[in-house]
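Hi,

Here is the structure I promised to pass on. Have a look at it first, and my notes come right after.

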Amino acid sequence: MKKVKLGRSKIEVSALAMGTDLIGSKINQETSFNLFDFFRDNGGTLVDTANFYASWLPGCKGGESETTLGQWMKERKNRDEIVVSSKLAFDYPGCDGGLSAVEIQRECEKSLKRLQTDRIDLYYAHRDDHETPLEEIMEAFDGLVKAGKVRAIGASNLFLWRIAEANAISRIHKWSGYSVVEQRYTYLRPRHGADFGPQIFISEELKHYARIYDVALIGYSVLLQGAYTRSDREVPTQFAGPDSDERLRVLKAVASEAGCSLSQAIIAWMRQSDPPILPIIAGSKIEQLRENIAALDVTLSSDQMRLLDAAGNPVVKQGWIQPT
Ligand SMILES: NC(=O)c1ccc[n+]([C@@H]2O[C@H](COP(=O)([O-])OP(=O)(O)OC[C@H]3O[C@@H](n4cnc5c(N)ncnc54)[C@H](OP(=O)(O)O)[C@@H]3O)[C@@H](O)[C@H]2O)c1
């Protein structure tokens with residue numbers, strides 16, 4: 001699998017990340033190991049987990065994903081080949097959540113234990129914590145980096161102004177700042193005012209910031225649970241409207257011309273965008289991973305990229321903005 005550098009962290013990772021929120025819980029251990037093996041055998045290295053995965057499922061208490069990843073790496077003796085990313089801030093049994101210094105240190109130790117490793121390559125704030133001063137949060141993360149327990153830190157589901165402020169504070173103190181941002185992203189654009197709860201969509205402003213500061217962008221929920229192609233899944237209502245209708249029409253035309261599936265066209269479009277957005281792929285079946293990984297063989301032409309980018313945008317004609 002192709003490799004890329006994660007922004008200014010300079011950590012080299014596979015061009016796709018594997019999502020694991022249901023690994024070791026809804027997806028049993030045997031299937032989870034098979035999925036990990038397939039991802040690794042195809043050159044995948046970046047694995048996305050979090051401390052509280054999948055505490056929302058009945059019978060789960062959180063830590064199932066990290067524990068299963070740790071067991072797999074131990075059994076395969078491949079810890080050094082894998083780039084482990086994990087996160088904290090959501091509450092789950094035994095953890096009140098948030099980003100206080102105590103919580104950051106305690107949750108990191110718990111994750112290291114479950115992952116059976118001495119370091120997490122990329123450690124994210126999984127959501128914001130407005131009760132804890134930013135100085136406390138960033139100093140605590142920096143402490144983990146200085147202690148060698150974490151290689152780089154990232155932000156997930158934070159507003160851009162908070163990321164910028166946190167990084168400015170870190171620069172002043174010469175602490176590690178957020179070098180990676182993981183937010184929600186897909187080809188369809190949410191309607192104005194769409195609410196995703198704690199999840200935040202990658203904005204145009206964030207892309208601009210990422211270009212200037214060499215911050216890597218990672219996107220999750222890129223395939224909308226398969227809704228682009230499957231009759232058993234619906235496109236979430238946050239995307240419903242004429243913009244999505246037009247973008248779907250163009251996506252289908254471009255995928256057909258490029259000879260790939262809609263999922264593959266979305267993954268290729270994200271990777272070829274400026275700045276590139278590294279997709280997290282997830283699946284409960286090998287066939288899904290196979291199709292998603294094969295997206296790396298798809299190269300969209302500059303015309304196809306332009307068509308995909310422009311779909312649904314208003315056109316400027318004689319000084320008036322008119323819908324396409
Ligand atoms: N940072 C955050 O806050 C955050 C939030 C959400 C997710 N994530 C990360 O991102 C990962 C993926 O999230 P997600 O599940 O929401 O992603 P998604 O891409 O929207 O959905 C993945 C699901 O889509 C289906 N699928 C996958 N490939 C397919 C294909 N080629 N054709 C048809 N269906 C396909 C599978 O569903 P079935 O298995 O049901 O068949 C798969 O589980 C998570 O595991 C987690 O690591 C992070």
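Below is what I found, starting with the barrel and ending with the cores. One thing to keep in mind is that this is a predicted model.

**The barrel**

Eight strands form a closed barrel in the order 3-4-5-6-7-8-9-10, and their pairing is parallel. On average, neighbouring strands of this sheet are turned by 30 degrees against each other, ignoring direction.

I looked at strand 7 in some detail. Strand 6 and strand 7 run parallel and are joined by five bridges. On the other pairing, four bridges link strand 7 (residues 150–156) to strand 8 (residues 178–184), again in parallel. Gly154 is a handy residue to click on: Tyr124 stands opposite Gly154 in strand 7, and Gly154 in turn stands opposite Val180 in strand 8. Seven of the seven residues of strand 7 are buried, so the strand is largely enclosed by the rest of the structure.

Helix 4 (residues 134–146) lies across strand 6 (120–125) and strand 7, and runs at about 150 degrees to strand 7.

**Helix 3**

Does the geometry of this helix add up? Here is a quick check. At 1.5 Å a residue, the 15 residues of helix 3 (residues 101–115) should span 21 Å, and the end C-alpha atoms are indeed 21 Å apart, so the two agree.Which residues of helix 3 are buried? They are Glu103, Ile104, Glu107, Cys108, Ser111, Leu112, Arg114 and Leu115. Because these cover an arc of only 160 degrees around the axis, they sit on the same side of helix 3. Val102 and Glu109, on the other side of helix 3, are exposed.

The buried residues of helix 3 pack against helix 2 (64–76), strand 5 (83–88), strand 6, helix 4 and strand 7. After helix 3 comes Gln116, with a positive phi near 55 degrees.

**The cores**

The largest nonpolar core has 85 residues, and Val180, Val181, Leu217 and Ile266 touch the most other members. Helix 8 (residues 262–272) supplies the largest share of this core, six residues. Leaving out residues up to four places away in sequence, Ile266 touches Thr186, Tyr187, Val222, Leu223 and Tyr228. There is also a second, separate core of five residues, among them Ala50, Tyr53, Ala54 and Tyr92.

Val180 turns up twice in these notes: it stands opposite Gly154, and it is one of the core residues that touch the most other members.

Cheers

Notes
Residues numbered from 1 in each chain as written. Predicted model: local features only at pLDDT ≥ 70, side-chain atom pairs only at ≥ 80, totals over all residues. Core = buried A, V, L, I, M, F, W, Y, C linked by C-beta atoms within 7 Å. Buried ≥ 20, exposed ≤ 12 C-beta atoms within 10 Å, placed from the backbone. Helix = DSSP H or I, 4+ residues; strand = E, 2+ residues; numbered from the N terminus. Contact = placed C-beta atoms within 7 Å. Pairing = 2+ DSSP bridges. Axes fitted to C-alpha atoms, helices over the stretch in contact; angles between N-to-C directions. Arc of directions from axis to C-beta.
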